[in-house]
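This report walks through selected sheets, helix contacts and aromatic pairs. Keep the structure open while reading.

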Amino acid sequence: MVELKYTQILQENKILKEKVSGEPFRVAILSNITVNTIKELIEYDLRRNGVNPIVEFGNFDNIVQDSLEYADHNLVIIFFDLQTLVDNIPGYFEGLSDDKVDQVEKRIMGEIDLIFSNLKTTATVVFNKFTSGFFPSGFIKITKIESLVDRLNRYLTTSCPMNVELLDLGKVVGDIGIGQAIDVRFYYSSKAPYTIPLFKKYMEAIKPIILRVSGKFKKALVFDCDNTLWKGVIGEDGMDKIEMSSTSVAGRPYFEVQRIAKFLSERGVMICICSKNNADDVEDVFLNHKDMVLRNEDIILKKVNWIDKATNIREISRELNIGLESIIFIDDSAMETDLIRQQVPEITVFQVPAAVHEYPKSFLNSLYNLFDLSGTEEDRKRTTLYKEQFVRQSETSKFESIEDYLSSLDIFLSITLNDKVNIGRIAQLTQKTNQFNLTTIRYSEAQIAEYMEDHGTMIFSVFIKDKFGDSGITAICIVKEDPTNNKAVFIDSFLMSCRIIGRNIEVCFLDFVLRYLKDRGYENVLATYRRTQKNGQVESFYEKMGFKFQAVGDDGKDYFIILSEYVPFEIAYIRSEFNGSLKIKST
Amino acid sequence: MESIEKRISLLMSTVFEIPESEISVNSSIDTIDSWDSIRHLNLILALEEEFGIVIPDEEVGNLVNFKLIELIITENVK
C-alpha cells in the first residue's frame, strides 16, 4: 500500500469532506499529552469508509472529568500516558520508595475505574495500554516504571468492560522503533511526544475498530497472478519455470501468501483472480501445478483476459454483489495498482513489495486486520455458496476514462533504428517473447548483428519510459525489403514484452514504422500473423491497424497495406522520438 | 520537482486550510489567522516529512513566516 504523506492525507481528507455526508459519527479523543495531529488521520480513515466524523478533543490532561462529558460520543479514544504523570512527581521515578510507587499505582487504578464507569454507556471505547517507551529500558533488571506499566496493563485486562478495546500502544511503538515513534523535541515544547510515523502506525492498529464501527469490513481479495501468486510469468516462463513452492527460495513468499489466502477463504473471505493472461494458461496452473496451495475450489471468480483491470474489478463487484469498497486488489505492477487507485478509488490496493521476501509479512500487516475473522462454520461454507448462487452477468461496462488514465502516465517512446549497442537485448526479446509476438521467429545475437549490417533489413527497437520509470527496450519490429520489388517491404517480426501490453504502445510503434517506410518511398507493406499456442491475443492486430487480408489459413494470416491508403493513428497521450538511423539507408 | 517555494506554499495552504492564493512570501503568523500552536506543530512535522529533514530544536519556534521557513528549508535540503 502506498503510504500517503501527512500533507497528502490532509489534502485527501479535505476533498473527502465535501463528498461524505450523513449522520455525524462523533469521536472524542481524551488525553494527557498533545495528540491533535491525529485528528485529520482519523477523519480521513473514517471518511474513506463512508463515515462522516466529528472529531473533538477533551481538555489537556483532564481525562477523568472529560470521560463523563464525552460519554455520549460514538467512539472515545483515550491516550493515558505515564510521561505526564511521572513528570508531575517530584524527584526521579526510579528513586521513589515502593510506598510512593504504590500510591501512584493506586491512584491510576482509581482513575481507570472512574473512566470505565463514566463511559459505560459509550458504544466503543479505545483505551491505549500503558507503555514504558519514553523511559530508559532496564535490560537486565526491570525498572520501577516498567514494572508499574506491567501491573497497570494487567489491571486493565482484568477490569476492562465489554465496550472497551485495549490497544497495545507499546507494540505500535515497538513496530516502528522508539527512535522513530517519539520525538522529544515536541514533548518539551508542546507535550506532543508522538511523531507522524507513530500516528500512521496507530491508525493501522486501530483499523479493525474503525472498520467495525463503520460496518466496513472487507469481503473480497482480488489477486493478480504473475509475480503475485507465483514467481514468474506463466505466459512467458511456462509451467515448469514459475515458482510457488515452500521449499524454493524464490517461491517461498508466494507459498506463504497463498497459504494465508487459503486460510482467509476458509473464513469466508472471497478470493478472486484478475490477471492479464491467457485463461488456459492460468487454468492449467490452478489445476495442475503441484505446488499451488490455492485451487479452483478456493476461488470464487476468475477474470483472466486482456481487458483493463478496472473494468474487470467493477464486474467482480457486480457479479458478487458486493460494494467496491469491500474489495482489496493485489498486484505487483505499479501501473496496475495506480490504475485501480485512480479509476476505482473505493478499492483498497496493495502492491507486492519490490523486496519479495517482505511480501507475506507486509501482506499480513496491511490486510489481515481488514477482515472480520470471527467466522463461524457457516462462513466457511460461504465460498461454496457464493459460487453456486451468483449468476454471471455477461454485459460488459467500459468506461471512457481509461484514456484519461493512460494520458496521465506520460508514456514516452524512444525509437531507434539498428541500435547496435543493444543487440543482446534485441535478440533476447525475439527469443523470450511469446504472447505479443506476431511471427515468433527467434534470432541469435549474431543474426541480429548481421541484419543490422544488411541494407535490406531494418530493425526498429523501442525504449519505453513513463512516470513510473524506464521499462527499457521492450518492443521490436524487423522489416525486410522484398528482394523482388524494391518498393515493397515485409514485416518479418513484430513483438512486444507483455509487461507493457494495454497502453496502445504497439499501435503507436507500428504507426511510426509505417510512416517511416512511407517517407522512405516504399509503397506496399506485407505482414504475417503466425499462430502459436501463446499468441492468440494478437491475431487481429494487423486488421485493427488497417491491413487487408491476402491469405487466411489455419496456421495464420497474410496481410498487405498500400501505404498511400494508410490512415495514421493518433495516440495523443504517447509522445515519441526517433533517434535516427545508425546506418543511413538510401532508397 | 516543483520549486521549494511552491512546495512550501502548497504545504502551508494545506496545513492552515486556506487557499494557496492567500499564501505569499510575506505570509506570517500575523497574517494567517489559523496559525495557532497546534497548527504550528503540524506545520513543522509536515515540513520535516515533505523535505526529509530534521529542523533543529532552536529553530522550531522561529519559523513564524514564509521567508524564514524557506531559508531554513534551503539550508537543510542538500
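## The sheet of strands 1 to 5

In this predicted model, five strands of chain A make an open sheet with the order 2-1-3-4-5 and parallel pairing. The edges belong to strand 2 (52-57) and strand 5 (164-167) of chain A. Each has a single partner strand, so one side of each lacks a neighbour in the sheet. From one strand to the next, the twist averages 20°.

Strand 1 (residues 24-31) and strand 3 (residues 75-79) of chain A are joined by five bridges in the parallel sense. Within this pairing, A:Ala28 has A:Val76 of strand 3 as its bridge partner. Helix 2 (residues 38-48) of chain A packs on the sheet and touches strand 1, strand 2 and strand 3. The direction of helix 2 makes about 160° with that of strand 2 of chain A.

## The sheet of strands 6 to 10

Another open sheet in chain A has five strands in the order 8-7-6-9-10, with parallel pairing. Strand 8 (299-304) and strand 10 (348-351) of chain A stand at its edges. Each has a single partner strand, so one side of each is left free of a neighbour in the sheet. The twist averages 20° from one strand to the next.

Strand 9 (residues 327-331) of chain A runs parallel to strand 10 of chain A, and four bridges join them. Here A:Asp331 stands opposite A:Gln351 of strand 10.

Two helices pack on this sheet. Helix 13 (residues 279-288) of chain A touches strand 7 (270-275) and strand 8. Its direction makes about 150° with that of strand 8 of chain A. Helix 16 (residues 359-367) of chain A touches strand 6 (220-223), strand 9 and strand 10. The angle between the directions of helix 16 and strand 10 of chain A is about 165°.

## Aromatic pairs

How many aromatic pairs does a search of the whole structure find? The count is 32 over all chains. A:Trp230 and A:Phe286 form an edge-to-face pair, at 6.4 Å centre to centre and with 65° between the planes. The pair links distant parts of the chain, 56 residues apart. A:Trp230 lies in the loop between strand 6 and helix 11 (234-237) of chain A, and A:Phe286 lies in helix 13 of chain A.

Are these two rings buried or exposed? A:Trp230 counts as buried because its relative accessibility is 0%. A:Phe286 counts as buried because its value is 1%. A:Lys302 lies over the face of A:Phe286, at 4.9 Å from the ring centre.

Elsewhere, A:Tyr542 and A:Phe547 form a tilted pair. Their centres are 4.9 Å apart, with 50° between the planes. A:Tyr542 and A:Phe547 are both buried. These two belong to one aromatic cluster together with A:Phe436, A:Phe494, A:Phe509, A:Phe541, A:Phe549 and A:Tyr559.

## Strands 15, 16 and 18

Four bridges pair strand 15 (residues 488-496) with strand 16 (residues 524-530) of chain A in the parallel sense. A:Ala488 stands opposite A:Asn524 of strand 16. The chain passes from strand 15 through helix 22 (residues 505-519) to strand 16 of chain A, and this β-α-β crossover is right-handed.

Strand 16 of chain A also pairs with strand 18 (residues 556-562) of chain A. These two run antiparallel and share seven bridges. Which residue of strand 18 is the bridge partner of A:Asn524? That partner is A:Ile562.

Technical notes:
Residues numbered from 1 in each chain as written. Chains lettered and ligands numbered in written order. Predicted model: local features only at pLDDT ≥ 70, side-chain atom pairs only at ≥ 80, totals over all residues. Heavy atoms only, no water. Pairing = 2+ DSSP bridges. Axes fitted to C-alpha atoms, helices over the stretch in contact; angles between N-to-C directions. Contact = heavy atoms within 4.5 Å. Phe/Tyr/Trp six-rings, centres within 6.5 Å; stacked < 30°, edge-to-face > 60°. Buried < 20%, exposed > 50% of the residue type's maximum accessible area, 1.4 Å probe, protein only. Lys NZ or Arg CZ within 6 Å of the ring centre and 35° of its normal. Right-handed = clockwise from strand over helix to strand, strands pointing away.
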